[in-house]
Amino acid sequence: MQAVKAVKQNYRPTEEILSLLEDFRCMVNDCVRIGLKENLTSMKSLSMKAYHQLSAYDAPTYYRLTAISRAAGILRNYRKELKRNRSARVPYVTRLSLTDCYGFRVIHRLVRLPVRKGEYVFIVLNDHTLRTMSGRTPRSLTLTANGLSICLSKETAEIEPVGAIGIDRNLDNVTTADSDGSILRHDLGRATEVKARSRETKRHFKRNDVRIRRVVYGKYGRIQRNRVAWLLHNVSASIVKRAKEKRFGIVMENIEGIRRLYRKGNGQGTTYRARLNSWSFYELQRQIEYKARWEGVPVSYVAARGTSVNCSICGSRTTKYPNGRRTLHCPRCDISIDRDVNAARNILAKGGVRFTPDGPPEVCTEAMKGNETTTPILRVDGGKVTPG
Ligand SMILES: [Zn+2]
């Protein structure tokens with residue numbers, strides 16, 4: 001299995017690099033224009049039409065292919081957007097960003113990029129980039145006006161899991177249930193807080209000036225994204241690390257279902273929905289998935305249905321305690337169980353891990369291979385589950 005990962009760093013562009021970036025931007029826009037005129041979106045048909053026209057630029061021919069490929073992607077997105085919105089804006093690239101797969105070389109601490117035939121520019125790589133790159137094959141390089149990102153790949157062998165970790169996301173935490181019985185809660189209250197504060201600031205912004213509003217919104221958006229990203233990276237890294245150490249697979253809820261669960265009109269109110277969506281479970285899943293793939297840890301998804309209300313021991317419907325305690329009561333087993341722990345255990349169970357009375361949990365490794373089991377296999381003895 002091929003696993004990919006990107007490493008990013010900042011750099012100061014020279015005049016030469018800026019002019020190469022500008023050329024690349026124009027090349028992409030030329031291809032987009034050609035594609036729109038001739039109604040082309042495939043890489044192949046676009047190459048046939050555009051490749052020779054791009055010879056007007058004196059940038060090396062490597063860049064023609066990546067410019068065409070970038071344009072093909074933009075055209076595909078535009079076509080998709082048109083289906084939803086008839087008046088979608090005609091795409092035009094304004095941001096400086098270049099991708100290269102064929103021309104660059106990494107030489108010691110430097111990355112060498114061709115700018116014209118036989119002429120090169122060099123960018124110094126920092127220690128972090130070099131450390132991350134060691135022993136990996138650099139696949140492609142993306143350059144913007146101030147950042148450099150190198151995409152790396154390696155061949156990984158997927159581990160044969162001996163257990164699994166079920167992950168449940170909540171308003172302010174992520175709860176994990178391991179098939180060896182351990183429960184962990186990662187606090188994400190700060191991510192929710194950061195976002196709530198930004199929402200407040202935006203709401204109180206009264207001046208009716210589009211330009212100033214854009215600046216203010218942009219600033220809060222940036223601060224918020226950076227803080228939340230940092231928190232999510234820590235959580236995803238620690239979950240994947242634990243999975244690798246225990247040789248466990250990872251089971252998560254299918255995100256498609258989640259958004260639908262919290263859609264408008266189910267009585268939860270906009271603030272609740274905003275808060276729940278705010279720290280971006282999708283981003284956490286994305287991080288867990290690529291980090292897991294990089295380490296050879298298998299990931300599978302299960303339907304979210306019933307995971308939060310059904311008892312993780314017998315599968316029957318639980319009742320809530322009044323006055324909003326985060327505890328559920330199962331009338332059949334006559335036990336109280338923490339809501340988040342219950343949900344995480346249900347996800348784990350749907351992923352094919354069952355608890356057996358008193359013995360160690362059995363694992364059906366078949367179900368870990370990505371296909372989801374729709375009927376929960378729940379055979380946990382009351383003694384194995386302690387209320388959280
Ligand atoms: Zn029960």
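Trainee: Hi! Where in the protein is the confidence lowest, and where is it highest?

Mentor: Hello! This is a predicted model, and confidence is lowest in strand S17, residues 362-363, with a mean pLDDT of 46. Helix H1 has the highest, at 93.

Trainee: And what does the pLDDT look like over residues 354-388?

Mentor: Over that stretch the pLDDT is below 50. The model still gives residues 354-388 77 contacts beyond near neighbours in sequence. Where pLDDT is low, the predicted coordinates should not be read in detail.

Trainee: Okay, noted. What is the mean pLDDT of the protein?

Mentor: The mean is 80, and 76% of the residues reach 70 or more.

Trainee: Let's zoom out. How many helices and strands are there in the protein?

Mentor: You will find 10 helices and 17 strands. The protein has 388 residues, and 30% of them count as buried. As for contacts between residues at least 6 apart in sequence, 68% join residues at least 24 apart.

Trainee: Back to H1, then. At what angle do H1 and H2 pack?

Mentor: Helix H1 covers residues 15-38 and helix H2 covers residues 43-50, and the two pack at about 105° with their axes 10 Å apart. That angle makes H1 roughly perpendicular to H2.

Trainee: Which residues make that contact?

Mentor: H1 brings Asp-30, Cys-31, Ile-34, Gly-35 and Glu-38, while H2 brings Leu-46, Lys-49 and Ala-50. By type, the residues of this contact are four nonpolar, one polar and three charged.

Trainee: Cool. Switching to sheets: what is the strand order in the open sheet of four strands?

Mentor: The order is S1-S7-S6-S2, and the pairing is antiparallel. Strand S1 (2-10) and strand S2 (97-100) stand at the edges. Each has a single partner strand, so one side of each is left without a neighbour in the sheet.

Trainee: By how many degrees are neighbouring strands turned against each other there?

Mentor: On average by 20°, if you ignore direction.

Trainee: And how many bridges pair S1 with S7?

Mentor: Nine bridges, in the antiparallel sense, link S1 with strand S7, which runs over residues 147-155. To spot one of them, look at Ala-6, whose bridge partner in S7 is Cys-151.

Trainee: What about the sheet with S13 in it, what is the order there?

Mentor: That open sheet has three strands in the order S13-S14-S15, with antiparallel pairing. Strands S13 (319-320) and S15 (335-338) stand at its edges. Since each of these two has a single partner strand, one side of each lacks a neighbour in the sheet.

Trainee: How many bridges join S13 and S14?

Mentor: Two, and they are antiparallel; strand S14 spans residues 327-330. Lys-320 has Leu-328 of S14 as its bridge partner.

Trainee: Which strands of this sheet does helix H10 touch?

Mentor: H10, residues 339-350, packs on the sheet and touches S14 and S15. The direction of H10 makes about 85° with that of S15.

Trainee: Last one: I clicked on His-329. Which strand is His-329 in?

Mentor: His-329 is found in strand S14. It counts as partly exposed because 16 other C-beta atoms lie within 10 Å, and a buried residue would need 20 or more.

Trainee: What does His-329 contact, leaving aside neighbours within four places in sequence?

Mentor: His-329 is in contact with Thr-318, Thr-319, Tyr-321 and Ser-336. Take Thr-318 as an example: it is 11 residues from His-329 in sequence, and the two are 5.5 Å apart in space, C-alpha to C-alpha.

Note on methods: Residues numbered from 1 in each chain as written. Predicted model: local features only at pLDDT ≥ 70, side-chain atom pairs only at ≥ 80, totals over all residues. Axes fitted to C-alpha atoms, helices over the stretch in contact; angles between N-to-C directions. Parallel < 35°, antiparallel > 145°, perpendicular 65-115°, else oblique. Contact = placed C-beta atoms within 7 Å. Nonpolar A, V, L, I, M, F, W, Y, C, P; charged D, E, K, R; others polar. Pairing = 2+ DSSP bridges. Buried ≥ 20, exposed ≤ 12 C-beta atoms within 10 Å, placed from the backbone. pLDDT = per-residue confidence, 0-100.
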